[in-house]
Amino acid sequence: MTTDHDHQGFRATGVRLTEEQLPHLRSHRTELLGDSLPAIHAFDKAHAVMLTDQGLLDPATGRAIVAALREMDVRGVAETRIAAGGGMHSGEQYLTATLGPDTGGRIHLGRSSGDLIEVARRMTIRWHLHALLPALTDLRGVLLDLADAHTDTVMPGYTHGQHAQPTTFAHWATMFEQAFARDTERLFGLYGRLNLSPAGAAILTGSDLPVDRHRVADLLGFDAPLPHTMDAILSHDLEMETAALLATTGATLARLADDLYLWSTSEFGYVELPDRYCGTSSIMPQKKNPDALEDVKSVATQALAALVGVITAERGPTGFPILERRYSQQALWSMCGSISGKLRDCAGILADLRVDRDRLAAQAGAHWAQVTDVATALVRHTGLDWRHAHQVVGVFVRLGIERGVTAPAATCALLDDAARQVLGRDSGLTPEQFAEAMDPHAFVVRRTLYGGPAPEAVRREAARFAERLAADRQRVGDLRQRVARAEAALEAAVDDILTRDEPR
């Protein structure tokens, strides 16, 4: 077999250019294509099948080409193409080396580097979505399982870094399930826009040859060809959208990890990670460092950097950014793999997370988070307006702090002191009403509203979340099966050409 150095094809010195390109400028190196090599290989097969079926390749030539491409499967697609050289044209390079230029040079009939690489980009992102979507749905399933186990685990909720109101660990878990459900839906939307074929659009106007764009789209698992040849090749908003969605998912992952990271500290002590996700210190023997959470958190920074890189690479007039995209796409595909991995890590962490229910319950009402309901009780039981009730409770909390009284030890007498300062009279609440309002568990149980944290509300909504998750899992399976059927159809089409009788 000849190598990239031995056979340059259309890039050979003495064709259009009289000097050999400087080595450091050779961006058309096959090894740089990475994840997209299988997609390029599939497009070569589908294009050869279409050319043969359309009579643009005679049967013997078509048979020789698809047989050689099939031989690459046996040898190993990536290894064989890298050895052949030629970048995205490694198929042509290989065919030329094995079948001669009169045959190998026919594979590129009716297409361009433009649709070759754009088909590969879309297929490569699609394969990554086939990994991302199941990782997202699996994590959502773990979050729903966690919620089911902790509907009665009362804990403090936070705003501004301060205790805000009591909630439950289940309410926290289902919050993230909903965020990741939106990520899933956004990726489904991306998939629909992505799964349209640029094949046959060439570099921007297509070809005057009778190529069948629909046939190639079907063989590659696309829903249809893109309806505009210039848009198919020279618009790259989908790469930007992909990067933006990865950054969004990465940010949500980092927020989840940040919560667990904070809660695993000695000061909080709410959760503890399994040891396999942790490290220790070379000097401090007591350390149990949550390394996996730090690793997950880092993905947000990486995803944002990739987003900036992808968008920056697309600057300039239509048709100008070309080579920059080769490097930004590497960051994009790297982030697809990284996000998938971090989603799986989070699922593993949450599945075996140790949650200190007692400490969470003790903290839920330890710092006055429940007193919203004391103000509500004043409205409900005494007819006081909300703003005065709010002021009474604000003074109540201040007096408690000034007098060194903790929230669990506060009494209705303290509330009456506050009411006299604001209203000139006692609060009007009975000790029983006050105690009920100050109970953090009762605070949660009372919130049975749609989407609320009460155990019955969480169970009710989680059942609907589980139904949506099951439907999303089915959608993921359907998408993968659609592509699997196309892959089988492509191989069947190759087999058909290989087994056709020679014309007499």
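This is a short walk through one predicted model, from its overall form to its ring contacts and its hollow spaces.

Okay, let's start with the whole chain. You've got 19 helices and 6 strands here. The radius of gyration comes out at 31 Å, while the globule rule gives 23 Å for 504 residues, so this chain is more spread out than a compact globule. If you box up the C-alpha atoms along the principal axes, you get roughly 105 × 50 × 40 Å. And of those 504 residues, 49% are buried.

Now, the aromatic rings. Searching the whole structure turns up 10 aromatic pairs. Let me show you two of them.

Take Y158 and F268. Their ring centres are 6.1 Å apart and the planes are at 55 degrees, which makes the pair tilted. What does this pair tie together? Y158 is in strand β1, residues 154–159, and F268 is in the loop between α10 (237–263) and β5 (271–272), so the contact joins parts that are 110 residues apart in sequence. On accessibility, Y158 has 26%, so we call it partly exposed. F268 has 19%, and since the cut-off for buried is under 20%, F268 counts as buried.

The other pair I picked is F396 with F434, and this one is edge-to-face: 5.8 Å between centres and 90 degrees between planes. F396 belongs to helix α15 (residues 386–402) and F434 to helix α17 (residues 431–438), so here the parts being tied together are 38 residues apart in sequence. Are these two buried or exposed? F396 is buried, at 0% relative accessibility, and F434 is buried as well, at 5%.

Back to Y158 and F268 for a second, as they also belong to a cluster. Ring pairs link them up with F169, W172, F176, F180, W263 and Y270. Keep W172 in mind, please.

There are also arginines over rings. R447 has its charged end over the ring of F443, 3.6 Å from the ring centre. R475 does this with F188, at 3.8 Å from the centre.

Right, on to the hollow spaces. Let's look at the second largest pocket, which holds about 530 Å³ of space. Which residues lie nearest its centre? Those are G157, T167, H171, W172 and M175, out of 26 lining residues. So there's W172 again, the one from the ring cluster. Several elements each supply at least two lining residues: β1, β2 (162–168), α7 (169–194), α10 and α19 (455–499). By class, that lining splits into 12 nonpolar, 11 polar and 3 charged residues.

Last stop, the closed spaces. How many cavities of 30 Å³ or more does the structure hold? There is 1, and the largest cavity has about 30 Å³ of space in it. Its lining is made of F43, H47, M50, A199, G200, V211, D212, R213 and V216. Helix α1 (37–53) and helix α8 (213–219) each give at least two of those residues, with α1 giving the most, at 3. By class, you're looking at 5 nonpolar, 2 polar and 2 charged residues around that cavity.

So, if you take away a few things: the chain is more spread out than a compact globule, there's a ring cluster that includes Y158, W172 and F268, and W172 also lies among the residues nearest the centre of the second largest pocket. Thanks, that's my bit done.

Notes. Residues are numbered from 1 along each chain as its sequence is written. This is a predicted model: local features need pLDDT of at least 70, side-chain atom pairs count only at pLDDT 80 or more; totals for chains, interfaces and linings use all residues. Side-chain values use heavy atoms; hydrogens and water are left out. On a 1 Å grid over the protein atoms alone, a cavity is a set of points where a 1.4 Å probe fits but cannot get out, and a pocket is an open set with protein on both sides within 12 Å along at least five of seven lines; lining residues have an atom within 4 Å of a point. Grid points are joined across faces, edges and corners, and a volume is the space filled by probe spheres set on the points. Helices (H or I, at least four residues) and strands (E, at least two) are DSSP runs, numbered from the N terminus. Ala, Val, Leu, Ile, Met, Phe, Trp, Tyr, Cys and Pro count as nonpolar, Asp, Glu, Lys and Arg as charged, and the others, Gly among them, as polar. Rings of Phe, Tyr and Trp (its six-membered ring) pair if their centres lie within 6.5 Å; planes under 30 degrees apart count as stacked, over 60 as edge-to-face and the rest as tilted. Buried means under 20% relative accessible area, exposed over 50%, partly exposed in between (1.4 Å probe, protein chains only). A charge sits over a ring if NZ of Lys or CZ of Arg is within 6 Å of the ring centre and within 35 degrees of the ring normal. The radius of gyration is taken over C-alpha atoms; the globule rule is 2.2 Å times the number of residues to the power 0.38.
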